[in-house]
Amino acid sequence: MPTVSFINVSKSFDGVSALDRVTFDVDDGEYLCVLGPTGSGKTTLLRLVAGLLKPSTGTISFDGEPVNGMISQNRNAAYVPQQYALFPHLTVLENVAFGPLARGRTESEALSMAMKSLELVRLAGRRTAFPKELSGGMQQRVALARGLASEARLLLLDEPLGALDARLRLDLRHKLRQIVKETGLTAIHVTHDRDEAMSVADRIMILRQGRIQDYGTPKRVYDRPSGIFVANLVGGAAFLEGVAEATSGDSSTVRLRGGVIVKTPSHLLTTNEPVIIGVRKERTRLADYNAENLIEGEIRETRFLGNSREYVVRLDNGDTMYSRQFQEGKNERFRIGDKVTVGFDRSDVLIFAYPPQGLGRELEIV
Amino acid sequence: MQSTTVRDNRSPSIVQRLGFGFDRLSSRPIATRSMYSIAIAFFLVIIVTPAIAGILVQLLTLPSLALSAPVMSRMSDAVSWSFIIGLIVSSLDILAGIPLAWLIVRKRGRWTTLLDSLADIPFVIPTVALGFSILEFWSSSSGMSSIIGVGSLISPGSLLIMLLHFAFSYPVIVRVMVGEFLNYRETYEVAARTLGASSFTAVRTVTLPILRPAILAAFLLALARSLSETGATIVVAGTFENGTVFIKNARDAGLTTAVVVASLVMIVLSLVVFALIKVISPRLKLGPMRVWPGFEKKLSTHSAEHSRDFFSILVFVIFVLLPCLFIAFPAIQAIGSGTATEAVAGLGPWKAFWSSMLLSYVIAILATGVNIVSGLPVAVLIARNRLNSRVTKIVDALVDLPIIVPSLALGVSLNFFWGNIGALPEFWVLVLAHTTITYSYFVRAMSASIQGISPELEESARTLGAMPLRIFRKITLPLTKYSLLSGAVLVFTRSVDETGATSAVAKTLKTAPVLLVDWIKGTVNVTAPERALGVGILVLTSFFALVILRLITLRGTKKE
Amino acid sequence: MPTLDVRGISKTYGNIKALDDVWLYIEDKEYVCIVGPSGCGKSTLIKCIAGIIQPTEGEILVDDHSVLNVPIEDRKIGYVFQDIALFPHLSVKQNLSYGLAVRNASANTVTTVTNEMLDLVKMRDRSKSYPRELSGGAQQKVAVGRAIESGSHLFLLDEPLGALDALVRAELRYELRRLASDLGLTVIHVTHDQEEALSIADRVIIMKGGRVVEVGKPAEIYHSPQTIFTENFVGETNLLEGTIMDISEATCKVKVGTHMMRVLGKGKGVGQKVIVAVRPEFITLGSTVPSGWECRIKEVSFLGGLTRYTLEDDGGLEILAHVPSGESSSLRIGGRTNVSFRDGEHMLLFDYPIEGLEKELALE
């Protein structure tokens, strides 16, 4: 029985649509990440689940029961906003015990539940401190403990790591998932950081302007994205304009600018239909002549990303491709101006119908 | 966890269960909606309606609204003067108050904190005392006049009124602007300077335009105070008449029609002027930016800054601080002359004095209590938009009404309303009048404070299982309790201070300030030392209120 | 041509040292990133350079002239703020031209330069809009344009991309870098995002606790950092505690858990406690891998191009590996596999920190 279910839920504010006919399920114990740019409706979605907003149309159900009219207090869905919303006038322990006390537990029960949660996030030692005395990372853990202690079955995290430094986020995102999994709670974690979403989600949902663009496991969304926007969002790629050509058996060809022919997986497009092909940056190799597709070009830019280097290649036909090389080490293999051959396999080519509003619009992260 | 602080109870106590029951009740929309509706109904029926209805009823029942030509011209002169004085004084207050507020905020230190507290003094001195003090300072032979060697430097009249209004509106500007400067993101100014603007240019072209709405609000507040003030104005007016003085004189002379017409005209004109300023000013386009870099750079030097600071402090001291504090001298002298022992013993005029003081305090306490109970739900309503937004907007606009309407005119209206409606004893009419006049202060202070609490705190609490009443008790109230206390003290002092409406309503009862007006003007015969001491005692008690207010806010900020 | 020389700058607040004896030299047209955790002093440093804060000690020279007593408006240093700080009461066009307007530039100059700037930041069609109508990314572009139009050549950027979505940040940083090269600007770009710094800087400066920890080119900082803090800060890494068992000319034999490793390293003594650092991408997994450590797979996380494996050996030692997705796809949670470290070049040796590992690496 799915813990949370949205059926055709829409939400508008003063005639402006924030969510448009959103339908999805979250399974019991699942860790769902909702990924999308600012304004995509992800916070609205979270607040609808929390009961802080009422849907304009559609039904929200918990365990099969519609909850549209249920007040937040009864939903057992703890909402943790981006700024944590710790009560500044209460100590850490009082903050965490707030939930159980509000639900009618005795003081001793509430305190023991609070201590259990604090031990889980390893902050029992700071229980008499006030929120303002704690660092950002610690405040985040207190907010988490507060949600866990409140007997919630559902954790709603709004950019839980957004207020933290980049390096801290790298460490804490895994710890966050670990703690949630240990308690067996279902979690909906909203973020605009794709690395974060990809690395902690059981399933990932991509929102754009109030609509679901894709919904699946990180691997599926990465390997077979539903569209250009998703493909671009979930992992960098080069997108090239072309025209569909012949199909034979399990392979097809696409003709790019300047007559460059690319072998692709078979597709059902008609000949001469305009298409966009996408090749992931990590799936291209430079100077590997065994690849099924080989295109000549010249290195225009090199970008050092720490664990990898990204080469921006200007192909001879004028298009631009990217190649991300791991394990190169300190010295770059190729320099600006070097002539290279970009190689990639047929199976690594993504094919999309040409978008009606043009490629630029699809690549805009808005 | 020390077990000594935890009561080891296995089941909820009776108090807890009761509290829980009430919390549960608060989650039902019917309960909360009724509470807000009752509060709004109280507001509309008890506060708003009598304020305007009284006049309107009179309008409809008076046989004729015609005034004789001389009375008519007297009235129109008086009303015009009210507005002229108000606009001039408010503008001067802005020009003088902003630099001082700037100094207080930008040069935080021991001296500026002292300055900050001193700037509040005119706030706390009852305006009647202020009027008397100013009269003594500028007008009588023992004040400035003696330094200059004239009999009377500035005699009672329009100029003295302006000096008075300048002094008591000054702290309004400083208070508002200090708050604005504290909240202002200095980054804007710094950004302007990194782009090459000298500090003077940066303030002129960036900071002040951004703060325009706040400056406007401060201006309107000062204007409202000027138009509304009665007690002190009467004291310093001499034979001159502005709007409020005219109304008072007309009332004393029994010219009811003139009173009604003048009150109505003042109310309507006030509303019109306010609406005009509020609507036009935001639309005023800033013209193309003109800069004189060389000149403005000179104005940005340290010496220029120091001169500016020096002058603003000078203006403050000469035109505001000294005139306010001057009352201390005659009061202290009066103690020496033996008047004090008489006062304590309650002899002669002092009997009436003490019963007036008692009356003032009882009314103030009652008004404060009613305001807290009836105003709190309305404050929450406005801050959090609890009912639909149209209702909130209407209530929000109406809350300021009692401040805008000149208090004497308000009192006239209230008097007619309650006089005609029911046989409400004078005492209770007074209490209602004071409640009406101070209502806005409390509601505004509370709603600003509640708005300062991030809604996320309440939302999180809801999802953790806390019902609305519990959230209010455990979160909202603890976080705003200092504002609640300071709001209450403000209401209390304002009530003790109230003269205008009180004199319109009171027939037999006299509150302390009203009594003192009689003492000062000579309507009641008292000696000079008695006068000075009476005023001094009133000032002293208000001073204690200021100290308490300061202590409360200091503790509040320290806890943060 | 602006060079920047920061000499012994310190800033103390009470008994807190926000900056502690900072020395830096920045060449003309260099693009330098200062990275560090919150509270490391990076914002304080550039505020001192801009004149917004006065240092307690030290000297700052721009083009060999001291600027310590020069007011902000005369330092001719462009500054981009973390919270963007576009003037809300002015339109995009008026914001851009503010710098010229306060210097009473002629109307012609203002129009020409402003139009250039509008094209540069690609906001021609939004010139009359007000800041509140623009997205975060658009606002930041205008803020950058505004600083450029004021005519400076030395730029200080305080977390310029901090207010933006992670998704937008990656692209915008390259645009920013290109702009700086095209215009020949000298830039100090402060950020807490180490990937941002590595990808666009000519040199990276690592700060912690008010001090400069390390300075170097991105690849050097990442692959051969001098300090263990840097190693941990600029990317994920494995830090394995060990003891030196044997030393030879250029290598050491280190005992880590129950395993022995050969690592390049000099100047160590036998019996010394050390840390062996290996980045996750230099770890190979597979049952056919020779001389590997046998480990149990604890967690598998798909990151896109890489798959993240958390492994544990029989002694409880935890290892993090990043493997290109596609290879090793047969490895599942609970399974066992061999872990091998690529030849010694990618393994670094550090002295064990005196104050303990956790304290040394602390990010807040």
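pLDDT is the predictor's confidence in each residue, from 0 to 100. This is a predicted model, so local features need pLDDT of at least 70 and side-chain atom pairs count only at pLDDT 80 or more, while totals for chains, interfaces and linings use all residues. Residues are numbered from 1 along each chain as its sequence is written, and chains are lettered from A and ligands numbered from 1 in the order in which they are written.

**Figure 1. Confidence along chain C.** Chain C has a mean pLDDT of 90, and 98% of its residues reach 70 or more. Let's go element by element: helices (H or I, at least four residues) and strands (E, at least two) are DSSP runs, numbered from the N terminus. Among the elements of chain C, strand β3 (residues 31–35) has the highest mean pLDDT, 97, and strand β18 (residues 318–328) has the lowest, 85. The model itself scores ipTM 0.89 and pTM 0.88.

**Figure 2. The two domains of chain C.** Domain 1 covers 4–231 and domain 2 covers 236–361, with bounds that come from an automatic or database domain assignment. Their C-alpha centres lie 38 Å apart. Four residues of domain 1 are in contact with eight residues of domain 2; two residues are in contact if their C-beta atoms, placed from the backbone, lie within 7 Å. On the domain 1 side of chain C, two residues are nonpolar, one is polar and one is charged. For these classes, Ala, Val, Leu, Ile, Met, Phe, Trp, Tyr, Cys and Pro count as nonpolar, Asp, Glu, Lys and Arg as charged, and the others, Gly among them, as polar.

**Figure 3. Where chain A meets chain C.** Here 34 residues of chain A touch 34 residues of chain C. Several elements of chain A supply at least two residues each, including α4 (136–149), α5 (166–183) and β16 (293–304). By class, the chain A side has 13 nonpolar, eleven polar and ten charged residues.

**Figure 4. Where chain B meets chain C.** This contact takes 19 residues from chain B and 21 residues from chain C. Two elements of chain B, α9 (187–194) and α10 (199–210), give two or more residues to the side that touches chain C. Helix α9(B) gives the most, with seven residues. The chain B side divides into 13 nonpolar, five polar and one charged. Stepping back to the whole chain, chain B has 28 helices and zero strands.

**Figure 5. Tyr84 in a loop of chain A.** Chain A has nine helices and 20 strands, and Y84(A) is found in the loop between β6 (77–80) and α2 (92–102). Its phi is near 70°, a positive value in a residue other than glycine. Most residues other than glycine have a negative phi. Y84(A) counts as buried because it has 23 C-beta neighbours inside 10 Å. A residue is buried if 20 or more other C-beta atoms lie within 10 Å of its own, exposed if 12 or fewer, and partly exposed in between, with C-beta atoms placed from the backbone. Buried residues make up 48% of the 366 residues in chain A.

**Figure 6. Asp64 in a loop of chain C.** D64(C) lies in the loop between β4 (57–62) and β5 (65–66) of chain C. The phi of D64(C) is near 65°, a positive value in a residue other than glycine. Is D64(C) buried or exposed? With 7 C-beta neighbours inside 10 Å, D64(C) counts as exposed.
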